[in-house]
Amino acid sequence: FPGYKYIVTSGGNERDYIEGHIAPLIEKVYGVYKNAKLKSDGTFQLSYDSKNLVKFKTLLGLPLGKKDDIKIPKSILGSNFFLDFLRGLMDTDGCLCFLRRRKTVWYYPQLSITSKSKPLILQVDSLLRKSGFKTSVSLDGKTSVINGKVCFISRVEMNGKENLLRWIRLIGFSNPKNIRKFEEWKIKGFIEKQHASGEIWTPGP
């Protein structure tokens, strides 16, 4: 891996969470310091020039390069930390949104995690079901065309109040965006549309 560079990339709207939570966590655990950059395509990137960090990640079972078929490392699957893993995955690759479902307000909770890796989503679905969640999965769904290439993602969803309250009780959120949404919903029973930041997603037929 040339230069031994470890990179974390997110949407620009996640900058506060990445700089305020992920970067300090990496610094605390690994003792390395970030180079932060807002890129011209609107994404926000942390990069770390650390040979030891890259080698440690590969020892955990995380592949170098593209992560299109990444799987959950066995060290996590066989440990007591899989709920912590799910919280981190939701904070970075998941979404808490609210649907109207024939009402005038956005009240019906939906948790979802998306990835280009179908094996990862199937593993996540298995962990969630074992933890008592009711889930649905869609695999290899076409989402967009990027640089002339069709992008496919897989997705696991947990719909309804029961799933959301179970998530809060067992796992919780670290991303302030999701915490704010949950707190608003808990107080009012619905969420204002403008607070969803374009993340409200309505399933197709």
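Me: Helices and strands are DSSP runs, numbered from the N terminus: H or I over at least four residues for a helix, E over at least two for a strand. Where does valine 137 belong on that basis?

Reply: Valine 137 is in strand 6. That strand covers residues 136-146. This is a predicted model, in which local features need pLDDT of at least 70, side-chain atom pairs count only at pLDDT 80 or more, and totals for chains, interfaces and linings use all residues. Residues are numbered from 1 along each chain as its sequence is written, and side-chain values use heavy atoms, without hydrogens or water.

Me: Why is valine 137 called partly exposed?

Reply: Its relative accessibility is 34%. Buried means under 20% relative accessible area and exposed over 50%, with partly exposed in between (1.4 Å probe, protein chains only). The value of 34% falls between those cut-offs, so valine 137 is partly exposed.

Me: What makes the nonpolar surface patch, and how much area does it have?

Reply: Leu122, Val137 and Leu139 make it, with about 220 Å². Patch residues have over 30% relative accessible area and no salt bridge (Lys or Arg side-chain nitrogen within 4 Å of an Asp or Glu carboxyl oxygen). Like charges are joined within 9 Å, nonpolar side chains (Val, Leu, Ile, Met, Phe, Trp, Tyr) within 5 Å. Valine 137, at 34%, passes the area cut-off. Areas come from the Shrake-Rupley method with a 1.4 Å probe; for residues, only the protein chains shown count as cover.

Me: How do you know what span is expected of helix 4?

Reply: The expected span is 1.5 Å times one less than the number of residues. Helix 4 (residues 82-93) has 12 residues, and 16 Å is expected. From first C-alpha to last, it reaches 16 Å, close to that value. Its buried residues are Leu86, Leu89, Met90 and Asp91.

Me: Which residues does threonine 43 contact, leaving aside neighbours within four places in sequence?

Reply: Thr9, Ser10, Gly11, Gly12, Lys37 and Leu38. Contact means heavy atoms within 4.5 Å. Threonine 43 lies in strand 3 (residues 43-49). Its C-alpha is 8.2 Å from that of asparagine 13, 30 residues apart along the chain.

Me: How do you know which elements have the lowest and highest mean pLDDT?

Reply: pLDDT is the predictor's confidence in each residue, from 0 to 100. Strand 6 has the lowest mean, 78; helix 6 (residues 161-170) has the highest, 98. The protein averages 84, and 90% of the residues score at least 70. Over residues 196-205, pLDDT stays under 50.
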